[in-house]
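Please look first at how the two parts of this assembly meet, and then at one sheet inside one of them. The text below follows that order.

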Amino acid sequence: MPSILVYVLHYDGAFNKNSLGAVSEGAKLASAIGGECHAIVVGDKAGLSDELCASLGGYGATKVFRAEGPEGLAQPVVDAMAQVIRAGGHGYALFGGGLLGFEIGAGLAARLDAGVAMEITAVRAEGSKLIAERPILGDSAISEIHYKGDLGIIISRLNAFEIRETGGGAAAVEDVAVEYSPWSTKATMVQRGEQRGEQVNIEDADVLVAGGRGLGKAEGFQLCEDLAGALGGAVAATRAVVDAGWYSYSAQIGQTGKSVAPKLYLAAGISGAIQHKVGMQNSENIVAINKDANAPIFEFSDLGIVGDLNKILPKLTEAVKAKKGG
Amino acid sequence: MKICVLVKEVPDAAVQKRLDPATGRMDRGGEKNLNPYDTHAIEAAMQIKEGGVVPVEEVVAVTMGPDSAVRALHKAVSLGADRSVHLTDAALSGSDVNATGYALAKVLEREQPDLVLLGQQSDDGECYTIGAVVADHLHMPSLTQVVKLDVEDGKLRCERQAEYGYDTVAVELPAVISVGDAINEPRYPSLKAIMGAKKKPLDTLSTSDAGIESARVGVEGSKAQWTAAKAPPAKQAGQIIEDEDTNETVEKIVAWLDERKLI
Amino acid sequence: MSASNGSGAIVPAAYPPPVDSPAEFVKRELDGEDDRIEVGVAIVGGGTAGLACANRLLQLLADDPKTMERLGEVPVAVIEKAKTCGGHNLSGAVMRPGPLQELFPDMTREQWREQGFAFGEVKKEAIYLLPNGRTKIRIPPPPPQRNHGNEVISVAAMCRYMQERAEAAGAYILTETAAAKLLVEDGVVRGVRSGDKGRGKEGEPLANFEPGADVVAKATVLAEGCWGSLTGAAIREFELDEGREPMVWELGVKEVWKVKKPLDRVIHTLAGWPLKISAKYHQIGGSWIYPMKDEKTGDDLVSIGFVIDLEYADATTSAHDLLQKFKTHAMVRDILEGGERVAWGAKAIPAGGYWAMPKLSMPGAVIVGDGGGLVNLAALKGVNYAIQSGIYAAEAIYAAISRGESSLAAYEDAVEESFIGKDLYEVRNTRQPFSKGLIRGGPLVNLMIATKGRFPGGRWALHRNDVQPMFIGDTHKGYPKPDGSYTFDKLSSVFITGNQTRDDAPNHIRVQKHVPREVAETWRWMCPAGVYEIPEDAPEEGPVDVVVNYTNCVQCGAITAKGGRLTTPEGGDGPLYQIT
């Protein structure tokens, strides 16, 4: 009955939400294969209190391994996880995506000679085995990954796993003294988490309000910015309007711009031509507002509104603010 | 200083991808090109060489792939690499990320580089962060997603985009650094360089030349097994609202968003 | 203030594009010896003609090391602007097998199919006249159009194969490289200059700017196909069109479909539905539907295309939309239904024939293939002539260099005296009568074909496509609304060509930006890639602005025929055709 070890990233006293999703998923999968879900955190003991670590029990972890070590770097975590897995015999290591998840998972695969797969969108149990699923060919097909050997490493796509509070009690916290390899300490963090305000990274936003030609003019983006502000999201743009100089290239989505997969993608005045579609089609919820009932975007939106965005957007912004209790 | 750049040929992004009916995996036929992320790695190597802060004796391009992979090496050389190494062997076919990283590490061991550079991912999406795999096999420090790289004597100062913002990390050499596409704007090769590429030295290695154990590579040596693809679950058709009374429409939208916990 | 020809008619030629051909496309001083690149023979264009020339040349040189040495370190260089040879190539095509068999005598037709560029011998064929969207009338194929024994091929795939052969034989194939200028020194073509890379939207050098280089050669072969930028410059420089009729063009839009049941015959349609064949609308054209059996995958494919003469008068004529409409015909539905579109593309075709062919040689250079107008439109044949002309060019160049001579005129004689010259002469007047409209011109054409060009004889004049007065008619009212699975819009079609033009690449299209609506609409509808747009708030009366979305351009060349100019884009840009 294999157990699952989930890596949990923390920063500034809180756990990363992708990690919480991974713990929730780990708990669900562990019970399906008859094992336990354990978590592992690595960092400054001062920032990893007993309560904080034990709280992972609320997402389904029964045990949390805590190791003192450098923060924000992958290789020390590889050392820590390898040590825990060798001692505990875990059958799977699970990561919730993100830069560190990829780096650690890949390094762990090398260290323990294990199979690793990335960009996983779903995992299922078959008996005591886990099988990972991954979209390929621009999401037009799904490939499966089966693991050979003692350990399978699963790294999900960002936001793939849902956070679920299981109502479980506090997890047991176990301290681990890790023997760090000589090369793990050759990288040292000089400064972590520097914010650079100039460009919002639209790839990380949970909510995107995107504007296209239908806005009519550059000033139309004010409507998008207001709504994005109300929803707590960022603004994105199509190539046509970026070319026309209405918005900055850093916000461009589509074949030659960025690819995004936010929880909510609200498209205002965008026709949904394929060059744009490929950049946002994996968004969880797609809402489209366009005055042309035949716009292609209505073929793949979850909610489509045929109407004048100049009338709808301002009212929607007000309504959202009101709903949020502002 | 000796820099090795790991490069890979990938199906051209413009080629319509499809499934190979025989294997159920992505059809790897059609045009192949040097992985765009790797051109950023080559550019980073050239900038270090031309920067003059540290003397660089040579930049070596290394690839693992079938016969056609020499094109990626020619391109790397036309962009400035001094010579290239081609690891090719039928035994390597079907290697997963770990097996590939192990094989490349063995080739790099022979070269004894001070710095290994590579693109952080490949366009075909199959290998994320192979740099981390290679580094672990080589017992070297590694960083991925590096968007700024400065070399000082014996060490690097790297900036990378992480979950919480930009990190600045000091790394001792020798090291394996995977670069993001934001790090630089790759140069175009001059026509002279393109034409001269085939003349630069190219070593071809088999698994035995590189000391690679066959049991650890190929389909048999790969622990992650990809199987035939299936169609994704059909997406449910969306709902359409015709806006007549905007107040009412907006109410419906808010309710819809609320239902899905998006507000 | 609209310029017109006095009768109030709006004519695209009255709004010439801002281009100064001699100054922009001809370079008269060569770079110093250290900067230039010396090659033996420079072949501009890696299409069927250019690669036939490269392959034949290397075959001859393989047996003659002395002459090979005369050509230096790089005996044969092919300069190709697409990412790979074949990437910008598109044709029907049903090819007469002779020239390719002459070029590669070691290959059987079965091997052509195994290599993936040939798709079956023509066993059955039919020509139809379509009176409407439902019925068809079969007509017997006129002799030039008989295709039995010919092979259905894809030029995009074939050029990839020819590139492999040429490289194996020792050619330097410089892909992603545009030829931007013709090098002319003392009245002799000395080679070409490659295009710059890394310029921004306004042409300004960006951080990674890399200038082109002079490629100096002992002989230059212009194999640019249609539209040949340097070919045009050479024609002007050396007055190669003196005494000739002006060149005219047709535009073809093509799709490749994977189909459920194999098609059993090669089909052509002539005129008729969905064209408006009246003299007023002046729509001349036709279509093809060819079966393709893909030996590599076992798939049954179909190549389907619609061709229209750019002589038409209704500004709303759109070859792409006419193809979509054509697909709604019952006969076509029966062939394509249940299938899946796997490719799309567009290309202009030189249609002037014998009287419009420029002189094919000049001091230091020759013109081969489509660039020289070597297309027999009556028979819809061009690929075999391209290959054959490439072979003749190679032989003439080889002979001249091995004898230490400079004249390449022997090439022209070879073309004229061969079946190329003979065929083209036979059908030399079969297009001009169409300027009288299909009804009045058609029978005349058939007469010419039936009498192998003897009657009526003489030389019939051609007039340029861009002097046709345009009006805004209602052809567009008949276009089907794209449903995204059987009929398609232009943008999603461009998408599947793999068009990867850099967002901040310089604009390679020259048109006047402020023109009468008739001209703007002509461009908007004509362009299969949706490059030209008229802003929604443009005035109904009077001149309008034209928005040029040049990054959509698939480099078909049609704009050059109708008032604009396609100049050399940055190498590597544009579509990446696979199976067109």
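**The interface and a sheet in chain B**

In this predicted model, 68 residues of chain A are in contact with 61 residues of chain B, two residues being in contact if their C-beta atoms, placed from the backbone, lie within 7 Å. Local features need pLDDT of at least 70 and side-chain atom pairs count only at pLDDT 80 or more, whereas totals for chains, interfaces and linings use all residues. Residues are numbered from 1 along each chain as its sequence is written, while chains are lettered from A and ligands numbered from 1 in the order in which they are written.

On the side of chain A that touches chain B, the elements that give two or more residues include helix H3 (74-88), helix H4 (98-112) and strand E13 (187-194) of chain A; helices (H or I, at least four residues) and strands (E, at least two) are DSSP runs, numbered from the N terminus. The largest share, 10 residues, comes from H4(A).

E13(A) is also joined across the chains, by 5 bridges, to strand E9 (residues 165-172) of chain B, and the two run antiparallel. Within this pairing (strands pair if DSSP finds at least two bridges between them), A:Ala187 has B:Val171 as its bridge partner.

Inside chain B, strand E5 (residues 83-87) pairs in the parallel sense with strand E4 (residues 58-64) over 5 bridges, and B:Val60 stands opposite B:Arg83. E5(B) also pairs in the parallel sense with strand E11 (residues 202-205) of chain B, over 4 bridges, where B:Ser84 has B:Leu202 as its bridge partner.
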